[in-house]
Amino acid sequence: MNSNIYLIGMMASGKSTIGKMLADLLKLEFIDTDKKIENFMRLPISKIFEEFGEDRFRAMEESYFTEKSQLSNLIISTGGGIILSHKNRKILQSASKSIYLKASPKILSKRVEKKIYKRPLLLNQNHSILSTLNTLFEKRNNLYENSAQFTIKTDSLSKTETFNEVLSCIV
Ligand code: S3P
């Protein structure tokens with residue numbers, strides 16, 4: 001069975017922050033799929049979307065994710081759209097430790113406001129950030145839940161409390 005620890009969830013749900021904390025504590029390698037793709041392409045995600053389109057980004061994401069999932073003992077923080085790929089969902093479902101950090105669109109919308117330029121799916125929309133996040137959440141929540149072994153509702157949790165909940169899932 002795949003021994004990696006996967007963090008999944010909507011954008012700004014805390015995957016990278018919690019993933020880094022976990023990696024520090026467990027002394028494991030941390031991988032953020034978005035960061036790796038940005039480094040490889042030498043472009044920020046928003047530029048990759050702009051220049052290559054979302055479909056090409058998804059193909060890169062799937063290819064990087066499936067490759068890294070062959071390895072062991074990694075903490076992998078995933079982009080919010082990782083569950084859109086059937087292949088990625090299969091990997092997450094067969095892992096023993098995939099954790100969904102579930103946050104409501106209302107909470108997420110407050111967090112993304114300042115760094116909106118980093119979120120191509122929220123840019124140039126005719127709708128408010130909250131309504132775009134609501135739509136994404138409605139489309140994706142089941143996919144996250146069905147891909148994760150554990151779901152942690154984080155709305156009323158501090159960063160430390162979320163971290164402790166994650167730890168209790170993996171020990
Ligand atoms: C996306 C989330 C982003 C990034 C890209 C698409 C999504 O990652 O992969 O902008 O589809 O929800 P984060 O979840 O790390 O923000």
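These legends describe close-up views of a predicted model.

**View 1. Strand β1 and its two parallel neighbours, β4 and β3.**
Strand β1 covers residues 2-8, and six of these seven residues are buried, so the strand is largely enclosed by the rest of the structure. β1 runs parallel to strand β4 (residues 95-102), and five bridges join the two. Within this pairing, Ile5 has Lys97 of β4 as its bridge partner. β1 also pairs with strand β3 (residues 74-77), again in the parallel sense, over three bridges. Here the bridge partner of Tyr6 is Ile76 in β3.

**View 2. The salt-bridge network of Glu54, Arg58 and Glu61.**
Four salt bridges are found in the structure. The side chains of Glu54 and Arg58 form one of them, with an N to O distance of 3.0 Å. Glu54 and Arg58 are four residues apart in helix α4 (residues 54-68), which means that about one helical turn separates them. Arg58 also forms a salt bridge with Glu61, and the closest N and O atoms of that pair are 3.0 Å apart. Glu61 and Arg58 are three residues apart in helix α4, so their separation is again about one helical turn. Arg58 therefore takes part in both contacts of the network. As for exposure, Glu54 is partly exposed at a relative accessible area of 30%. Arg58 is buried at 16%, and Glu61 is buried at 2%.

**View 3. The salt bridge between Glu145 and Lys102.**
In this pair the closest N and O atoms are 2.8 Å apart. Glu145 lies in helix α7 (residues 129-147) and Lys102 in strand β4, so the salt bridge ties together parts that are 43 residues apart in sequence. Glu145 is partly exposed, with 30% relative accessibility. Lys102 is buried, with a relative accessible area of 17%. Strand β4, which holds Lys102, is also the strand joined to β1 by five bridges.

**View 4. A surface patch of positive charge.**
The patch gathers four lysines: Lys20, Lys35, Lys115 and Lys118. One of them, Lys35, belongs to helix α2, which spans residues 33-41. Lys35 counts as partly exposed because its relative accessibility is 43%, a value between the 20% limit for buried residues and the 50% limit for exposed ones.

**View 5. Two loop residues with positive phi, Lys27 and Arg42.**
Most residues other than glycine have a negative phi. Lys27, which is not a glycine, has a positive phi near 55°. The residue is placed in the loop between α1 (15-26) and β2 (29-32). With 70% relative accessibility, Lys27 counts as exposed. Arg42 is likewise not a glycine, and its phi is positive at about 55°. Arg42 sits in the loop between α2 and α3 (45-52). Its relative accessibility is 75%, so Arg42 counts as exposed. Helix α2, on one side of this loop, is the helix that holds Lys35 of the positive patch.

**View 6. Pro105 in helix α6, shown with Asp155.**
Helix α6 is made up of residues 105-112, and Pro105 is found in it. The relative accessible area of Pro105 is 7%, so this residue is buried. Pro105 and Asp155 are 50 residues apart in sequence, while their C-alpha atoms are 9.8 Å apart in space.

**View 7. Leu84 in the loop between β3 and α5, shown with Met21.**
Leu84 is found in the loop that links β3 to α5 (86-94). Strand β3, on one side of this loop, pairs with β1 over three bridges. Leu84 counts as partly exposed, because its relative accessibility is 40%. From Leu84 to Met21 the C-alpha to C-alpha distance is 26 Å, and the two residues are 63 apart in sequence.

Terms used: Residues are numbered from 1 along each chain as its sequence is written. This is a predicted model: local features need pLDDT of at least 70, side-chain atom pairs count only at pLDDT 80 or more; totals for chains, interfaces and linings use all residues. Side-chain values use heavy atoms; hydrogens and water are left out. Patches are made of residues with over 30% relative accessible area and no salt bridge: like charges are joined within 9 Å, nonpolar side chains (Val, Leu, Ile, Met, Phe, Trp, Tyr) within 5 Å. Accessible areas come from the Shrake-Rupley method with a 1.4 Å probe; for residues, only the protein chains shown count as cover. Lys and Arg count as positive and Asp and Glu as negative; His and the chain ends are not counted. The place of a charge is taken as NZ of Lys, CZ of Arg, CG of Asp or CD of Glu. Buried means under 20% relative accessible area, exposed over 50%, partly exposed in between (1.4 Å probe, protein chains only). Two strands pair if DSSP finds at least two bridges between them.
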